[in-house]
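Welcome! Here are some short exercises with worked solutions to help you find your way around a new structure. Take a look at the display below, then try each task before reading on.

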Amino acid sequence: CLYRGTVVRKGLIGLMGRVLKPTTAGKLTLVQAAAIAVTFIPEMLHAPLYVTAGVAAVALAVSSWFARRVAITPMYRLTKDANRLAAGDLSHQVATGGSDVVGQLQQALNQVSVNLKTVVSDVREEVRELEGTVREIASGNNDLSSRTESQASSLEQTAASMEEINSTIQNSALAASQGAGLARSSSEVAQRSDDAVHKVADTIQ
């Protein structure tokens, strides 16, 4: 089953495994108890004081080394991983496999890293889609601008043609007016000529 983010066995086998595999606090307690017990051995054997002091110093050094290896070093590595992640280095793989509280912290930090990678990937995908949409809008605006300019040019050409037609109509109207004036003048001249012919004919008779 899953317990605190870790797969553990159920039943007697699982219980024995947990008992035989103590937590970090249990390991430190056992080492400290062993160091204290070792310091009493020379005294029980009535060894000289310097021997007892030497054994106590060795026991203290061993217990300190073990405490550093079990508790301090994993926390130092975990802090280093957290700093890499806080600096934005999402490519860094968070170390896992620790036991007890350290292992839970490693798993939690690794899950945070995975979630951040997913969020960043989703954001990048959204940005790419937004860039594509912006490009499409810009292309559409360019097409619309081109069509608008083309229509404006066509309107200008139409206006120029209308002005030419209007000028032609005015010229035709003027020419027609002038033609009508000439026709009237010709008619008057013809009438006067006809009158003159009649008068000459009357005179001859």
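## Exercise 1: A pair of charged side chains

In this predicted model, the side chains of R128 and E125 form a salt bridge, with 2.7 Å from N to O. Work out how R128 and E125 are placed along their helix, and whether each is buried, partly exposed or exposed.

**Solution**

- Step 1. Both residues belong to helix α4, which covers residues 100–204.
- Step 2. R128 and E125 are three residues apart, so about one helical turn separates them.
- Step 3. Partly exposed residues fall between 20% and 50% relative accessible area. R128 has 47%, so R128 is partly exposed.
- Step 4. E125 has 35%, so E125 is partly exposed too.
- Step 5. A search of the whole structure turns up one salt bridge.

## Exercise 2: Checking a helix by its length

Find out whether the end-to-end distance of helix α3 agrees or disagrees with its number of residues.

**Solution**

- Step 1. Helix α3 runs over residues 49–86, which is 38 residues.
- Step 2. The expected span is 1.5 Å times one less than the number of residues. For α3 this gives 56 Å.
- Step 3. The end C-alpha atoms of α3 lie 52 Å apart, which agrees with the expected span.
- Step 4. Now look along the helix: α3 has a bend of about 40° at R68.
- Step 5. Just past the end of α3, G88 has a positive phi of about 95°.

## Exercise 3: A buried serine and its neighbours

Where does S113 lie, and which residues does S113 touch, leaving out those up to four places away in sequence?

**Solution**

- Step 1. S113 is found in helix α4.
- Step 2. Buried means under 20% relative accessible area. With 2%, S113 is therefore buried.
- Step 3. Leaving out residues up to four places away in sequence, S113 touches L85, L90, H92 and V94.
- Step 4. Take L85 from that list: L85 is one of the buried residues of α3, which also include T52, A59 and V70.
- Step 5. S113 and L85 are 28 residues apart in sequence, and their C-alpha atoms are 7.0 Å apart in space.

## Exercise 4: A nonpolar patch

Which residues form a nonpolar patch on the surface with I36?

**Solution**

- Step 1. F40 and M44 join I36 in this patch.
- Step 2. Together the three have about 350 Å² of accessible area.
- Step 3. M44 sits in helix α2, residues 24–44.
- Step 4. Exposed means over 50% relative accessible area. M44 has 63%, so M44 is exposed.

## Exercise 5: The whole chain

What is the order of helices and strands from the N terminus, and how much of the chain is buried?

**Solution**

- Step 1. The chain contains four helices and two strands.
- Step 2. Their order from the N terminus is β-β-α-α-α-α.
- Step 3. Of the 205 residues in the chain, 12% are buried.
- Step 4. The chain exposes about 16,000 Å², and 62% of that comes from carbon and sulfur atoms.

Notes. Residues numbered from 1 in each chain as written. Predicted model: local features only at pLDDT ≥ 70, side-chain atom pairs only at ≥ 80, totals over all residues. Heavy atoms only, no water. Bend = angle between axes of the 7 residues up to and from the residue. Buried < 20%, exposed > 50% of the residue type's maximum accessible area, 1.4 Å probe, protein only. Patch = residues over 30% accessible without salt bridge, like charges linked within 9 Å, V, L, I, M, F, W, Y side chains within 5 Å. Areas by Shrake-Rupley, 256 points an atom, 1.4 Å probe, with all protein chains shown as cover. Salt bridge = Lys/Arg side-chain N within 4 Å of Asp/Glu carboxyl O. Contact = heavy atoms within 4.5 Å.
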